[in-house]
Amino acid sequence: MHVIDHSTLPRLHGVGRRRFAAASRQLGSGFELWIETLDVNARADLEPQHSDRVVLVLAGYGNLHLESGPQRFHAPCSLILPSGAECQLVNIGAEPMEYVMAFASPPLAPSAQPMPDR
């Protein structure tokens, strides 16, 4: 078992968005687990991933914008985002939105692959 103290992890800040990776390849995991907070009226553009994603919304209200149109949601709920989907989360509530996003770690670039033993 490996325990990771969240208080020691680097934080990423964007306009109205705060997040950190609670699990990642760099932390010895085969999947990514991001803890995020989205301020009131803020948006989070979610880049397409090579695998499905799950977003567990812990607090707040929002719209999920997909190609097919917006879908309203409120906590507690789970958002299932298919592989390759470009989408956007928008906080439409009166309080910050808190969520956890999980997906498989992207494959290593060929140059980062370990060399086989000879």
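The lining of the largest pocket holds 7 charged residues, 4 nonpolar residues and 1 polar residue. The model is predicted. The pocket itself encloses about 160 Å³ of space. The charged residues of its lining include Arg17, Arg19, Glu32, Glu36, Asp45, Glu47 and Arg53. Trp34, Leu46, Met101 and Phe103 also line the pocket, and so does Gln49.

Four strands each supply at least two residues of this lining: strand 2 (17-23), strand 3 (31-38), strand 4 (43-46) and strand 10 (97-104). Strand 3 gives the most, with 3 residues.

**Overall fold**

The protein chain has 10 strands and 0 helices. Read from the N terminus, its elements run β-β-β-β-β-β-β-β-β-β. The chain counts 118 residues, and 37% of them are buried. Take the contacts between residues at least 6 apart in sequence: 62% of these join residues at least 24 apart. The exposed surface of the chain is about 7600 Å². Carbon and sulfur atoms supply 56% of that area.

**Salt bridges**

Side chains of opposite charge can pair when their charged atoms come close. How many salt bridges does a search of the whole structure find? The search finds 2.

One is formed by Arg17 and Glu36, whose closest N and O atoms are 2.9 Å apart. Arg17 belongs to strand 2 and Glu36 to strand 3, so this pair ties together parts that are 19 residues apart in sequence. Both partners also appear in the lining of the largest pocket. Arg17 is buried, at 12% relative accessible area. Glu36 is buried as well, at 1%.

The side chains of Asp39 and Arg18 meet in a salt bridge too, at 2.8 Å from N to O. Asp39 sits in the loop between strand 3 and strand 4, while Arg18 is in strand 2, so the pair ties together parts that are 21 residues apart in sequence. Here the partners are partly exposed: Asp39 has 26% relative accessibility, and Arg18 has 32%.

The table sets out the accessibility of residues discussed in this report.

| Residue | Relative accessible area | Class |
|---|---|---|
| Arg17 | 12% | buried |
| Arg18 | 32% | partly exposed |
| Glu36 | 1% | buried |
| Thr37 | 18% | buried |
| Asp39 | 26% | partly exposed |
| Asn41 | 61% | exposed |
| Ser83 | 41% | partly exposed |
| Ser105 | 6% | buried |

**Strand 3 and the loop after it**

Thr37 lies in strand 3. Is Thr37 buried or exposed? Thr37 is buried, because its relative accessible area of 18% is under the 20% cut-off. Leaving aside neighbours within four places in sequence, Thr37 contacts Gly16, Arg17 and Arg18. Pro96, Met97 and Glu98 are in contact with Thr37 as well. Arg17 and Arg18 are also the arginines of the salt bridges to Glu36 and Asp39.

Asn41 is placed in the loop between strand 3 and strand 4. Its phi is near 65°, a positive value in a residue other than glycine. Asn41 is exposed, at 61% relative accessible area.

**A cis peptide bond**

Most residues other than glycine have a negative phi, and most peptide bonds are trans. Where does a cis peptide bond occur? A cis bond joins Ala75 and Pro76, with omega about -5°. Pro76 is in the loop between strand 7 (69-74) and strand 8 (77-81).

**Two serines with distant partners in sequence**

Ser83 is in the loop between strand 8 and strand 9 (87-91). Ser83 is partly exposed, with a relative accessible area of 41%. Ser83 and Asp52 are separated by 31 residues in sequence, yet their C-alpha atoms are 4.3 Å apart. Not counting residues up to four places away, Ser83 touches Gln49, His50, Ser51 and Asp52. Of these, Gln49 is among the lining residues of the largest pocket.

Ser105 is in the segment after strand 10. Ser105 counts as buried, at 6% relative accessibility. Ser105 and Ala23 are 82 residues apart along the chain, and 9.5 Å separates their C-alpha atoms. Which residues does Ser105 contact, leaving aside neighbours within four places in sequence? The contacts are Ser24, Arg25, Ser29, Gly30, Phe31, Glu32 and His50. Glu32 also lines the largest pocket. His50 is in contact with Ser83 too.

Conventions: Residues numbered from 1 in each chain as written. Predicted model: local features only at pLDDT ≥ 70, side-chain atom pairs only at ≥ 80, totals over all residues. Heavy atoms only, no water. 1 Å grid on protein atoms, 1.4 Å probe; cavity = no way out; pocket = protein on both sides within 12 Å on 5 of 7 lines; lining within 4 Å. Points joined across faces, edges and corners; volume = space filled by probe spheres on them. Salt bridge = Lys/Arg side-chain N within 4 Å of Asp/Glu carboxyl O. Buried < 20%, exposed > 50% of the residue type's maximum accessible area, 1.4 Å probe, protein only. Contact = heavy atoms within 4.5 Å. Areas by Shrake-Rupley, 256 points an atom, 1.4 Å probe, with all protein chains shown as cover.
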